[in-house]
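Trainee: I would like to work through this model one question at a time, with the reasoning set out in full before each answer.

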Amino acid sequence: MRHFLLAPLFAVALLAPATAHATADFPAKIVSDLNITCSKPIWDGNGCTICHTTNNGGIGTAIHPFGAYVKSQGLTAFVEPKLTTILQQLDAESPHTTGAECFGTPYIDLLKSCQWQTMASATCTGTSDGGVQPGVAPSIYYGCAASPSAPSNDPAMPASIAIAFAGLLGFSVIRASSRRRSADRARRSSRT
Amino acid sequence: MTSWLRIAVAAAIAFASVFFASRPAHAFPWMIREGYTGCNTCHADPSGAGILTQYGRGMEEVVLRMPYKKDADPGKMGNFLFGAVDLPEQLLLQTDFRNLFMTILPNGGAAQFQDILMQLDQSAQLKVGRFRVNGSIGYAPPTANINSNFTFRGGGFGATLTGAPSDAGAIVARQYWLGFDIGKDEEFLLRIGRMNVPYGIRSIEHPFLVRSVTRTDTNTSQQHGLTLSYSGEKFRGEVMAILGNYAIHGQAPAGQPQTFATYDSPHERGASAFFEWMPSNKVAVGASGLATYANLARTDLDPSLNSDQLGRYAFALHGRIAPVKSVVILAEADALVNSQPFTQDCPTCQSHANNHFGMAGLLQVDLEPYQGIHIMATGEVFNGHIHETNNPTYDTTTVVGWIGAWWFFAPHFDFRVDAVYSSGSAPGASPTAQGTSLLAQIHGYL
């Protein structure tokens, strides 16, 4: 009975993934959609950083200006058709403008001319006042710590929780001990 | 060993467990088939999910997992570390591991494989008298692209204590709270800390539309606040004053000063509540409500929102019924409003609000043909009327179907496979829900 049940479950688990055979890779999709032909469009394989803080990507890390823009247009993970639509909209602008206020050159032109490294900046760099993109709302970061210039990786919260936990545990232990001593005294006095 | 020393050692173990090793993802509303209408007998969280009580560990052995011999005595096998260590009754410890292998076949896109270490958590609760300290802490590894179509990543980044997920991953803590039991039978529990939001059916499937669009799942949607719960024979319920999710914060645009208002902008304030009436031990019906306000909408979760103030309102009715022991039916219907202020849509400069109105529904049938084996079929629907500032008003409908099998094959271990098809992507829903997903996950706990 057990083996009978095992077989189909593991078959589903192992065989189901084998039905797929391609990739959802946004940088490569940009290259193919825009017919980019320069030699190293995704310079040294770091294409993810035009949107993400690290080249491994990941949830919560698409906070670079172009990443914030495509998310504002509704792009979510793995949905390549939506990326294609956004790129087509950028390319259809006449003249190209979106992104120029941030990097001095529109996003679509930076992509096509293989200036991806320019886009991999965490902040806007093309404005006259040294990088401030006017009128941009605050970004949402994970983690409780904040710094004026960049997201912090300091694990500030664990220390505060440790103090809180330690304080409460200490209080609880002292209180329990005090109760026990009182109970012992009460028992002793009742015996006498 | 003196009792003082025993308590000190127990406290040290709890402390060390919390800081060196968070949340077990148990939440089985279909346990009503066994006559368990409430949650607090098996879970430390009175509304379900999270670390198991000693009684809950015994029930997992006796009524949940596949039995290989008939025995009404749970023995020690279900205890922490399979019973190798006898914990004092004041202390609960639980270490959880959950891994998911997922194949995503998006509509119109290419396939993607993901291995997600969903959970590597240590949970603990210490109860001294009527005081409780409860918390979970875990590690989420960084994303790693194994090859062009296979990614390994961690889960729970929305509950991270550390900053933005970096190359070193993140420390996550889904729950941590202080509690005080009130009442003759400790039927009330007052808590302060980071806790699950009391709303709707508390189930383990965090991508369910009714959970994700209301942001009330038990994965990463916890909020900081104050709750009061009641667990009675015929009624149970919980009300929460929501003070904000401090696992996220707002960051000023480059070059602009970071102020407290900016830091605080995405933190929601408001309240949520649910109550459930159990007319019998096989039937439960309930209602929920949630109302929050934040100065900055979570555009990272729902890109159709503006980076502006947001009022979120949700109301739900739900039911759980076990007509026969082998079948449990769960149902929930939600009404949703996301309301943002009037803005001008230039160049026509027409003023209008960015409002979302929606209905979400869930119907799940859980069939247990043999103890320890569950076959689950779930249908979900979302219908929304979206009024975005920069886009025409439109209606959107998303239909999702799940079919799955779940096998509690050994003490402390379960294995599950699911096939999920979604016709679209509801605003605010899990982005991976669009298209077809094939899931295989294994879960173990100590």
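Trainee: Which helices of chain A are included in what covers the buried residues of H3(A)?

Mentor: Since this is a predicted model, the answer describes computed coordinates. The buried residues of helix H3 (residues 65-72) of chain A are A:Pro65, A:Phe66, A:Gly67, A:Tyr69 and A:Val70, and the helix is followed by A:Gly74, whose phi is positive, near 100°. The cover over those buried residues includes helix H4 (80-92), helix H5 (100-103), helix H6 (107-112) and helix H7 (116-119) of chain A.

Trainee: Which two residues touch the most other members of the largest nonpolar core?

Mentor: That core has 29 residues, and at least two of them come from each of several elements of chain B, including strand E8 (188-195), helix H3 (209-212) and strand E10 (235-244). E1(B) gives the most, with three residues. Leaving aside residues up to four places away in sequence, B:Val213 touches B:Arg312, B:Leu336, B:Ala360, B:Phe382, B:Ala426, B:Pro427 and B:Ala429. The two members that touch the most others are B:Val213 and B:Phe382.

Trainee: Why can E2(B) be described as largely enclosed by the rest of the structure?

Mentor: The argument rests on burial, where a residue counts as buried when its relative accessible area is under 20%. For chain B, buried residues make up 60% of the 446 residues. E2(B) is largely enclosed because the buried part of the strand amounts to 15 of the 17 residues.

Trainee: How many bridges join E1(B) to E2(B), and in which sense do the two strands run?

Mentor: One position that shows the pairing is B:Thr95, which stands opposite B:Gln122 in E2(B). The two strands run antiparallel, and the number of bridges that join them is 14.

Trainee: Which strand pairs with E2(B) in the parallel sense?

Mentor: E3(B), residues 131-140, can be set aside, as it runs antiparallel to E2(B) with eight bridges, and B:Gln125 has B:Asn134 as its bridge partner there. For the parallel case, the bridge partner of B:Gln114 is B:Thr151. The parallel pairing extends over five bridges, and the strand concerned, residues 150-154 of chain B, is E5(B).

Trainee: Which residue in the turn between E2(B) and E3(B) has a positive phi?

Mentor: These two strands form a hairpin with two residues between them. In that turn, the residue with a positive phi, of about 60°, is B:Gly129.

Notes:
Residues are numbered from 1 along each chain as its sequence is written. Chains are lettered from A and ligands numbered from 1 in the order in which they are written. This is a predicted model: local features need pLDDT of at least 70, side-chain atom pairs count only at pLDDT 80 or more; totals for chains, interfaces and linings use all residues. Side-chain values use heavy atoms; hydrogens and water are left out. A nonpolar core is a set of buried Ala, Val, Leu, Ile, Met, Phe, Trp, Tyr and Cys residues joined through side-chain atoms within 4.5 Å. Buried means under 20% relative accessible area, exposed over 50%, partly exposed in between (1.4 Å probe, protein chains only). Helices (H or I, at least four residues) and strands (E, at least two) are DSSP runs, numbered from the N terminus. Contact means heavy atoms within 4.5 Å. Two strands pair if DSSP finds at least two bridges between them.
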